[in-house]
Amino acid sequence: MDKQLTDLLVCFLKEFIKQFEPEKILLFKKSYFMLFRVYPEIRLDFIEYPAEIPDKKKYNLIIGDLPFGMPKREYPKGLLKKSYRENFIDIIELSSKLEKEGIAIITAEPSGYSTNDGKAFEKELNSHGFFINAYIRAPEGILDPYTKVTPILAIISRNNTGKLFLAEILEIDQIQEIVQNYKSKKNGLEITSGKFVEKESFWGFGNLHILPQIERLKLQFSEFEEYQLSDLAESIKTIQSGAKFEDFGNAIYVPRIGNSSVVRKIEEFKLKHHNYFQIVLKNSVSNEYLTLFFQTTLGRLILNSLFSESYINHLTKARLEKSMVVLPPLNIQDQIIKANRKLNKLKISVDSITSEMAINPLGTDLLLKRIDKLADALDLLSDADRVRSKIREGESKNIEFKETLSIDVAKETKEKYIETSSLKTIVAFLNTDGGTLLIGVSDYGEIRGLDHEIDTFHKNKDKFLLHWKNLLKERIGQNYYTYINWQIVVIDDKMVLEVICKASDIACYLDNNEFYVRTNPATDKLEGPRLVEYVNQRFSKH
């Protein structure tokens, strides 16, 4: 296991203890993962079996490092209504040892308690007077090489907050804000700082990343509508080992295991029949379109999230039914299908030319001219689509949106501090891992464009780009030009400035005195010892 990633959980735990100041702490260690290492400065009791806790002993904070996927068993004391998984029973026993205002932090599977078993357990837990108030996602890859599953931390107390606090731990700089927001019941701007949602809406962190992308896609293309897969299906079924599916015309087949693709024909199977779900579709959706959808970045993300939220790497029918897809009307589905068929024919032609060109140079001059024209056309198309794709991903450590370069949209005036905001982001990208700044896009991913700003203050695109270049030269320095590329990309007749930054080999300062770095998904200023330490570590090899 990666010590740096487990250190993030230890930092989270230390920050939690610092802010909540529990006097009596218990660490219950039952998993072999060792997610929580015991540090001398944290005074606590350590046990491996709930029975080791004295009957009358109570704690302000209980940390439960529990295994996943445990078998069901009867509760020996006869207090539960039915049998539950062993880790669920441990949670109920541990919760009973909490003080009135005590809190338990328990390791849980990626989907939390959103499965059918989990919901039954949570109802049982509630009947004992305890409530799950938060899920904190551990750093991705923390359990490598044992499993690719990313666990979460469930926070349980006697206090029913009514909503569920969700946060993801990605790096150390977030941790203090996450704990502060949870303690003060404050809604952060992003999942990286923690936000509250309706409890019923949660069924995994993967879904939380998908929904904003779907919303941004609907902003870009108003014809698209959002559906659950169960709304589009006449039936969803599997078959027993050795059996074969009956062939339906309008159906898709989704693999239950592994990384195989979604297909629409039985003859395209890479796995045995019993390793697929057969989804017979209603007439409102074409199976050829839906197969294409699941080949897109968003479609693959949706499918991967269904697998990643399961401890055992297989897809369940309940998760598949909840899977979200985005559809345009049938006439647009048909247009997309026709365009894809033409692209496939083009690909076959290109492959054929490529295989013969080296030994058949006749007519190469004419062919090169045609290839250049085709390449130019495809480049124009790909720039707009590539930027749309980045917008759908949303803001992150490596992507930032700015609605304007210089205009305060509330006052409709040109302001220097608005320009400075974009330049800070550029400096931060250079000083961290690089990234893309898109100017002309709102925080919510709406393409507003820079046309009004260019017409009002710069008269034309060329003068605007010259102004941008002068800003970089005056406030960042022309020696950083080699790390920065920029261009105007036209999307839906609106101009967006795309600025792509590579990570710099030398430290970069705004106006020669302000140093910024990129976190998730924010730009932070470093000063004093933190600045010195970061520069020494980041740029020592160059």
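This report describes two sheets, a pair of packed helices and a pocket in one protein chain. The structure is a predicted model, and every value below was computed from its atoms.

**The sheet of eight strands**

Eight strands form an open sheet with mixed pairing, and their order across the sheet is 2-1-3-6-8-7-9-10. Strand 2 (45-47) and strand 10 (195-198) stand at the edges and have a single partner strand each, so one side of each is left without a neighbour in the sheet. From one strand to the next, the twist averages 20 degrees. At one of these edges, strand 10 pairs with strand 9 (residues 163-168) in the antiparallel sense over four bridges, and within this part of the sheet L164 stands opposite V197 of strand 10. Helix 5 packs on the sheet, where it touches strand 7 (131-137), strand 8 (152-157) and strand 9, and the direction of helix 5 makes about 85 degrees with that of strand 9.

**The sheet of four strands**

Another open sheet, again with mixed pairing, is formed by four strands in the order 16-19-21-20. Its edge strands are strand 16 (399-402) and strand 20 (484-491), each of which pairs on one side only, and the twist from one strand to the next averages 20 degrees. Strand 20 is joined to strand 21 (residues 494-501) in the antiparallel sense over eight bridges, and C501 in strand 21 is the bridge partner of I484. Helix 12 (residues 416-431) lies across strand 16, strand 19 (435-439), strand 20 and strand 21, and runs at about 165 degrees to strand 19.

The two antiparallel pairs described above can be set side by side.

| Strand pair | Bridges | Facing residues |
|---|---|---|
| Strand 9 and strand 10 | four bridges | L164 and V197 |
| Strand 20 and strand 21 | eight bridges | I484 and C501 |

**Two packed helices**

Helix 13 (residues 451-458) packs against helix 14 (residues 461-475) at an angle of about 85 degrees, and their axes are 9 Å apart. Angles of 65 to 115 degrees count as roughly perpendicular, and helix 13 and helix 14 are therefore roughly perpendicular to each other. Helix 13 brings E453, I454 and H458 to the contact, while helix 14 brings K461, K463, F464 and H467. Sorted by class, this contact has two nonpolar, two polar and three charged residues.

**The second largest pocket**

The second largest pocket has a volume of about 1100 Å³. Its lining consists of 24 residues, and those that lie nearest its centre are T296, I336, L343, D385 and R392. Five helices each supply at least two residues of this lining, namely helix 5 (205-220), helix 7 (287-293), helix 8 (297-308), helix 10 (330-357) and helix 11 (364-393). Helix 11 gives the most, with seven residues. By class, the lining divides into 13 nonpolar, six polar and five charged residues. Helix 5 thus has a part in two of the settings described here, since it packs on the sheet of eight strands and also supplies residues to the lining of this pocket.

Technical notes: Residues numbered from 1 in each chain as written. Predicted model: local features only at pLDDT ≥ 70, side-chain atom pairs only at ≥ 80, totals over all residues. Heavy atoms only, no water. 1 Å grid on protein atoms, 1.4 Å probe; cavity = no way out; pocket = protein on both sides within 12 Å on 5 of 7 lines; lining within 4 Å. Points joined across faces, edges and corners; volume = space filled by probe spheres on them. Nonpolar A, V, L, I, M, F, W, Y, C, P; charged D, E, K, R; others polar. Pairing = 2+ DSSP bridges. Axes fitted to C-alpha atoms, helices over the stretch in contact; angles between N-to-C directions. Contact = heavy atoms within 4.5 Å. Parallel < 35°, antiparallel > 145°, perpendicular 65-115°, else oblique.
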